[in-house]
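Hello,

Here is the structure for you to take over. My notes on it follow below.

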Amino acid sequence: MKAGLAGFVAAVAAFANNGAAQDTPLTADLEEVYRVGGLNAEEWAFFEGSEPIGFDGAGNLYVLNTQASQVVIVDPRGGLVRAVGRKGEGPGEFNQAAQFWVWRDGRYVVQDLGHGAYQVFGHTGELERFVRMGDAAGPLAMMGAMRLEVRADPAGGALIAQGLPSMVGGAMSSMVEAMAEMFGEDAGEVPEAGVDERGLERLDLTGDVVSATPILQAWQVPREEIEADLGLDDLMNPANLVGLGDNIRYYEPGFLWDMLPDGTIAYSDSTAYAIRIARPGGDIVDVLRRPLSPEAVTDRIRRASIENAIRQFEEEGAFGEQRGNPELAEMAVALAPMMKAMMDAFRESAEKREFYPEIAVVRGVRATWDGALWIQRRGEEPWDDAGPIDVFNADREYVGTFAAGDIDMPLAFGPGGMIAHWEFDELDVPTLVVKRLPEAVR
């Protein structure tokens with residue numbers, strides 16, 4: 001009887017928190033297609049487990065192995081097609097490969113920070129173009145071309161990029177100039193993004209230099225902006241660096257987005273469950289909704305959120321990264337005073353930051369290969385981003401919901417319902433796993 005009463009109370013609470021939404025359960029029992037990597041992998045399949053990945057239209061999976069400075073292409077059965085690239089200074093060689101994106105026709109582009117350029121490759125692995133990130137070359141100048149999130153344009157030949165927060169962009173320019181002064185280099189004219197973190201721009205890669213065109217500006221969260229003009233001395237002051245985020249309130253709604261196959265953009269920019277579908281240029285053509293309401297911030301939530309932020313920083317931030325790593329032990333000792341100063345600065349920042357009045361429902365927006373949308377909601381705790389995942393099909397109809405913990409948001413969606421993610425064994429050795437989705441959620 002007590003168990004039944006507890007279940008009833010839990011159901012009522014869930015009903016209230018979800019604003020009367022009724023989820024249609026989806027099963028996460030997926031067909032496994034293949035896996036590569038692991039402890040006994042062939043040499044080409046030794047991965048770190050954090051490499052960027054992407055599919056092409058033939059179902060081949062591309063992996064940017066940053067440690068080996070090469071792109072590995074895996075066929076739809078898990079066999080090696082080819083490995084392209086090596087460490088080097090010349091075109092087609094990677095000086096510091098950081099990220100890459102795959103177009104549907106099998107061409108792909110590698111962001112090479114060392115060269116300060118994008119290298120564009122054809123579907124057979126030949127280098128097509130070497131596209132500079134800006135008029136100035138080199139690793140210092142390219143810092144001004146950094147973006148928060150980037151997706152491949154489904155039409156090919158371009159990338160769709162989310163800008164940096166304005167205060168970070170200003171700080172970046174100051175840091176570039178300070179670093180140039182430190183190393184005696186000419187930073188040149190630092191390229192600037194045409195949009196902030198709540199806007200998108202199209203990066204055209206068909207020329208010798210990247211050309212950026214703004215295509216969408218989402219709703220701007222009202223906030224007091226701060227100007228960041230960091231000099232050389234400021235780079236060594238943790239309080240100045242941590243303080244860049246002081247004006248960003250807890251639970252401010254983020255700008256979450258992805259590209260659909262037809263070139264439209266799906267995005268969330270508020271606390272409400274409202275997924276907007278827009279054409280490049282910003283015209284809204286549809287809005288997907290579910291009856292789920294944001295939660296009001298209470299004093300209890302404020303206290304718990306501050307404690308959680310400090311705890312996470314201690315466990316995963318500047319101190320946590322040093323634990324259990326003998327290679328960094330000596331460095332950790334040398335940097336101990338700076339680490340302590342940064343921890344003190346972060347604690348002060350965490351305690352004085354203000355709160356947005358309500359907590360956003362949506363925490364992730366991803367488009368599948370065929371145009372369905374996977375929308376991740378918040379978990380039980382306000383700071384938990386790994387909640388249930390709602391699925392809308394390509395006709396914008398709600399299909400159902402994967403329960404929290406049943407399935408992770410895929411790192412890449414491919415044709416024929418293929419998805420890819422990393423798995424780790426007890427020794428933290430990674431394996432790349434490809435599975436197939438049922439037709440209803442593709």
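**Overall make-up**

Seven helices and 26 strands make up the secondary structure of the chain. Please keep in mind that this is a predicted model. The chain has 442 residues, and 50% of them count as buried. It exposes about 21,400 Å², of which carbon and sulfur atoms supply 50%. Taking contacts between residues at least 6 apart in sequence, 54% join residues at least 24 apart.

**The four-stranded sheet**

One open sheet has four strands in the order E1-E26-E25-E24, and the pairing is antiparallel. Strands E1 (31-37) and E24 (412-413) are at the edges; each has a single partner strand, so one side of each is left without a neighbour in the sheet. In general, strands of a sheet pair through backbone hydrogen bonds, in either a parallel or an antiparallel way.

At the E24 end, two bridges join E24 to E25 (residues 418-424), and these two strands run antiparallel. Within this pairing, Phe-413 stands opposite Ile-419 of E25.

**The E4-E5 hairpin**

E4 and E5 form a hairpin, with five residues between the two strands. Gly-78 sits in the turn and has a positive phi of about 95°. Four bridges join E4 to E5 (residues 80-84), and the strands run antiparallel. Val-72 stands opposite Ala-83 in E5.

**Nonpolar cores**

The largest nonpolar core has 19 residues; those that touch the most other members are Val-36, Ile-53, Phe-55, Leu-61, Val-74, Leu-432 and Val-434. Which elements give two or more residues to this core? They are E1, E2 (53-55), E3 (61-65), E4 (70-74), E25 and E26 (430-436). E25 provides the largest share, three residues.

Ile-53 shows what the packing looks like at one position. Leaving aside neighbours within four places in sequence, Ile-53 is in contact with Leu-61, Tyr-62, Val-63 and Phe-100, and also with Leu-411, Ala-412, Ala-420, Trp-422 and Leu-432.

Another core lies apart from this one and has 16 residues, among them Trp-103, Tyr-118, Val-131 and Ala-161.

**Where the pieces meet**

Three strands of the open sheet, E1, E25 and E26, are also on the list of elements that give two or more residues to the largest core. E4, one strand of the hairpin, is on that list as well.

Regards

Key. Residues numbered from 1 in each chain as written. Predicted model: local features only at pLDDT ≥ 70, side-chain atom pairs only at ≥ 80, totals over all residues. Heavy atoms only, no water. Pairing = 2+ DSSP bridges. Buried < 20%, exposed > 50% of the residue type's maximum accessible area, 1.4 Å probe, protein only. Contact = heavy atoms within 4.5 Å. Areas by Shrake-Rupley, 256 points an atom, 1.4 Å probe, with all protein chains shown as cover. Core = buried A, V, L, I, M, F, W, Y, C linked by side-chain atoms within 4.5 Å.
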